[in-house]
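Me: I would like a close look at one part of this protein, the small antiparallel sheet and how its strands are put together. Please also connect that part to what lies elsewhere along the chain.

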Amino acid sequence: MLPERIAAAVTSALRDIGVTVVCSEQVVEVTPSEVKTRSGHAFPADLAVWAAGIKGAEMLKNLDGLETNRLNQLLVLPTLQTTRDPDVFALGDCSSLPREGKGPAVPPAAQAAHQQASHLLGSLQRRLDGRPLAPFRYRDFGSLVSLANTAPSAR
């Protein structure tokens, strides 16, 4: 979800402090002492942090014929209405909204969900008043990546 240059900088900073960062490996088992991958690697670990991405609930892909993507997210129009039923709105992790000519969909992050919720509140009032709905526009206010205090301790 972060730009490539930021992801690379964070990866480098983590490696500098001794954290092993492994991408594109399928984990098949986590034990109290190691993480095993499909490719046969075993990584000794006292602590395992797993970031595997977002996927919508299984029930969404069978929800009354609504259109979903491969992650079970409901496809929505810029008004946050689902593509197949204008009376159903979706936001946050369970929805996928393409960005205006900017490639990937609006990220499934708290910042986006908060903006969508505020927008939807106004949209519902507009709809009740018989006025047309306005499109949602995501504004990325940046991300915070905390790597804690990594300064060497004084001895």
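Reply: What follows describes the sheet strand by strand and then turns to the loops, the helices and the nonpolar core.

The model is predicted, and everything below should be read with that in mind. The part you ask about is an open sheet of 3 strands in the order S1-S2-S3, with antiparallel pairing. S1 and S3 stand at the edges and have a single partner strand each, so one side of each is left without a neighbour in the sheet. From one strand to the next, the twist averages 20 degrees.

Consider S1 and S2 to begin with. Strand S1 covers residues 27-30 and pairs with S2 in the antiparallel sense over 3 bridges, and the two strands form a hairpin with 3 residues between them. The register can be followed through the bridge partners: Val-27 has Thr-37 as its partner in S2, while Val-30 has Val-35.

On its other side, S2 pairs with strand S3, residues 42-44, again in the antiparallel sense and over 3 bridges. Here Lys-36 has Ala-42 as its bridge partner in S3. The hairpin of S2 and S3 has 4 residues between the strands, and within this hairpin Gly-40 takes a positive phi near 100 degrees.

Which residues of S2 lie on its covered face, and which on its uncovered one? In a regular strand the side chains alternate between the two faces of the sheet. Strand S2, residues 34-37, has Val-35 and Thr-37 on the covered face, whereas Glu-34 and Lys-36 are on the uncovered one. The two covered residues have already appeared as bridge partners, Thr-37 with Val-27 and Val-35 with Val-30.

The loops on either side of the sheet also deserve attention. Ser-24 lies in the loop between helix H1, residues 4-16, and S1. With a relative accessibility of 83%, Ser-24 counts as exposed, and its phi is positive, about 60 degrees, although Ser-24 is not a glycine. Most residues other than glycine have a negative phi. Further back, just after H1, Gly-18 takes a positive phi of about 90 degrees. As for H1 itself, its 13 residues should span 18 Å at 1.5 Å a residue, and its end C-alpha atoms are 18 Å apart, which agrees. After the sheet, Asp-46 lies in the loop between S3 and S4 and is exposed, with a relative accessible area of 84%. The C-alpha atom of Asp-46 is separated by 7.3 Å from that of Glu-34, and these two residues are 12 apart along the chain.

Beyond that loop, the chain reaches Leu-80, which lies between strand S4 (74-75) and strand S5 (95-96). Leu-80 also has a positive phi, about 75 degrees, although it is not a glycine; it is buried, with a relative accessible area of 0%. In soluble globular proteins, nonpolar side chains tend to be buried together. The largest nonpolar core has 13 residues, and those touching the most other members are Leu-74, Val-76, Leu-80, Leu-97, Val-106, Phe-136 and Tyr-138. Among these, Val-76 is in contact with Gln-81, Thr-82, Thr-83, Ala-90, Ser-95, Ser-96, Leu-97 and Pro-98, leaving aside its neighbours within four places in sequence.

Helix H2, residues 110-128, holds His-119, which counts as buried at 17% relative accessibility. Not counting residues up to four places away in sequence, His-119 touches Leu-80, Ala-134, Pro-135 and Phe-136. A polar atom of the His-119 side chain lies 2.9 Å from the backbone oxygen of Ala-134. Gln-115 lies in H2 as well and counts as buried at 15% relative accessibility. With the sequence neighbours up to four places away again set aside, Gln-115 touches Phe-136, Arg-137, Tyr-138, Arg-139 and Phe-141. Phe-136 is thus listed among the contacts of His-119 and among those of Gln-115, and it is one of the core residues that touch the most other members.

Notes
Residues numbered from 1 in each chain as written. Predicted model: local features only at pLDDT ≥ 70, side-chain atom pairs only at ≥ 80, totals over all residues. Heavy atoms only, no water. Buried < 20%, exposed > 50% of the residue type's maximum accessible area, 1.4 Å probe, protein only. Polar contact = N/O pair within 3.5 Å; in protein donor to acceptor, adjacent residues only side chain to side chain. Contact = heavy atoms within 4.5 Å. Pairing = 2+ DSSP bridges. Core = buried A, V, L, I, M, F, W, Y, C linked by side-chain atoms within 4.5 Å. Axes fitted to C-alpha atoms, helices over the stretch in contact; angles between N-to-C directions. Expected span 1.5 Å × (residues − 1).
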